[in-house]
Structure formats: structure tokens, C-alpha cells
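Let's work through a few exercises on a protein and its ligand. Keep the structure open while you read.

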Amino acid sequence: MKTIFERIIDKELPAEVLFENERIIAIKDKYPIAPVHILIISKKVIKSIQDIKKEDLGLIPEMIEVAQNLADEFHIANGYRLLTNTGPSSGQTIFHLHFHLIGGRELGTMG
Ligand code: AMP
């Protein structure tokens, strides 16, 4: 069964798309936890960072570059969090590789 993100990638579900190329799509998070909350999603179906095969590792620097550009575009380059939940115990709810780009407020320390 397709995940929500696969359905967004396949344009079966709506999303506010901020960036898209052949390998990556970036959308606004539907339930933001900060003024800027963007999801940078791999188009290839990969469950999590723990499941990336060596041949797909090149995706990661590309996703980071998208995050850097969006951080500039949304004026949060002075402080943001870029994270990827990995596995059920981390709080991952959609099992399709994505990074959260979070900023626009004081984020404080982790934990
Ligand atoms: P995670 O819990 O790390 O797997 O992150 C999944 C994220 O997807 C959460 O921050 C949700 O708020 C977000 N989300 C869930 N459904 C949608 C949707 N239809 N469009 C955009 N973001 C969504």
C-alpha cells in the first residue's frame, strides 16, 4: 500500500509544493510545529535512513542542499533543525524517507 508521501509524489493527494526535481520533493508539513516546517522527501521509496542502500546515499547531500536553499528562502538560515525520524521508537509515522526542516522560532535544546 502506498504511503501518504507516495500519494503526494504521484499527485493523488494535494500538497503545498516548495521544490521538486526528479529525485526530491519538498512540501509544507500539514501539521506544523513551528512557523517554518518543511518536509524534504525522497521520491524513491525508501523506508528510512536506516534502509538506504549504498547506491542511493548520493540522495543525502542533495536533500541537504535543498534544505540549505529553503532555509535561505524562508529566512531561517541563522537557526533551524534538520532531522529525520528513523523507526517507530523515534516517532516516525510515515515510513518513507524524509527530513524535517524546522525553524522560525526559538527551538531550544533537544530533549
Ligand atoms: P514523521 O512522523 O517523522 O514520519 O513525519 C511525518 C510528518 O508528515 C509529520 O510531521 C506530519 O505532520 C506530516 N504529514 C502527515 N500527513 C501529511 C500530509 N497529508 N501533508 C503534509 N504533511 C503531512
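Before we start, here's a term: a polar contact is a pair of N or O atoms within 3.5 Å (within protein, one must be able to donate a hydrogen and the other to accept it, and residues adjacent in sequence count only if both atoms are side-chain atoms). This is a predicted model, where local features need pLDDT of at least 70, side-chain atom pairs count only at pLDDT 80 or more, and totals for chains, interfaces and linings use all residues. Residues are numbered from 1 along each chain as its sequence is written, and side-chain values use heavy atoms, with hydrogens and water left out.

**Exercise 1. Find the polar contacts of the ligand.**

Step 1: go to Gly91, where a polar backbone atom is 3.2 Å from an oxygen atom of the ligand. Step 2: check Asn85, which brings a polar side-chain atom to 2.9 Å from a ligand oxygen. Step 3: look at Lys30, whose backbone has a polar atom 3.2 Å from a nitrogen atom of the ligand. On its own the ligand has 510 Å² of accessible area (Shrake-Rupley method, 1.4 Å probe), and the protein covers 86% of that.

**Exercise 2. Describe the shell around the ligand.**

Step 1: 17 residues surround the ligand (each with a heavy atom within 4 Å of it), and the closest are Asp29, Asn85, Thr93, Ile94 and His100. Step 2: sort the shell by class, and you get 7 nonpolar, 7 polar and 3 charged residues. Step 3: ask which element gives the largest share; helix 1 does, with 3 residues.

**Exercise 3. Describe the largest pocket.**

Step 1: a pocket is an open set of points on a 1 Å grid over the protein atoms alone, where a 1.4 Å probe fits, with protein on both sides within 12 Å along at least five of seven lines; lining residues have an atom within 4 Å of a point. Step 2: the largest pocket holds about 500 Å³ of space. Its lining has 22 residues, with Phe5, Asp29, Lys30, Tyr31 and Ile94 closest to the centre. Step 3: by class, the lining splits into 11 nonpolar, 7 polar and 4 charged residues. Step 4: place the ligand, which sits in this largest pocket (more than half of its atoms lie within 2 Å of the grid points).

**Exercise 4. Find a positive phi outside glycine.**

Step 1: Lys11 isn't a glycine, yet its phi is positive, about 60°. Step 2: His75 is another residue other than glycine with a positive phi, near 60°.

How values were computed: Grid points are joined across faces, edges and corners, and a volume is the space filled by probe spheres set on the points. Ala, Val, Leu, Ile, Met, Phe, Trp, Tyr, Cys and Pro count as nonpolar, Asp, Glu, Lys and Arg as charged, and the others, Gly among them, as polar. Helices (H or I, at least four residues) and strands (E, at least two) are DSSP runs, numbered from the N terminus.
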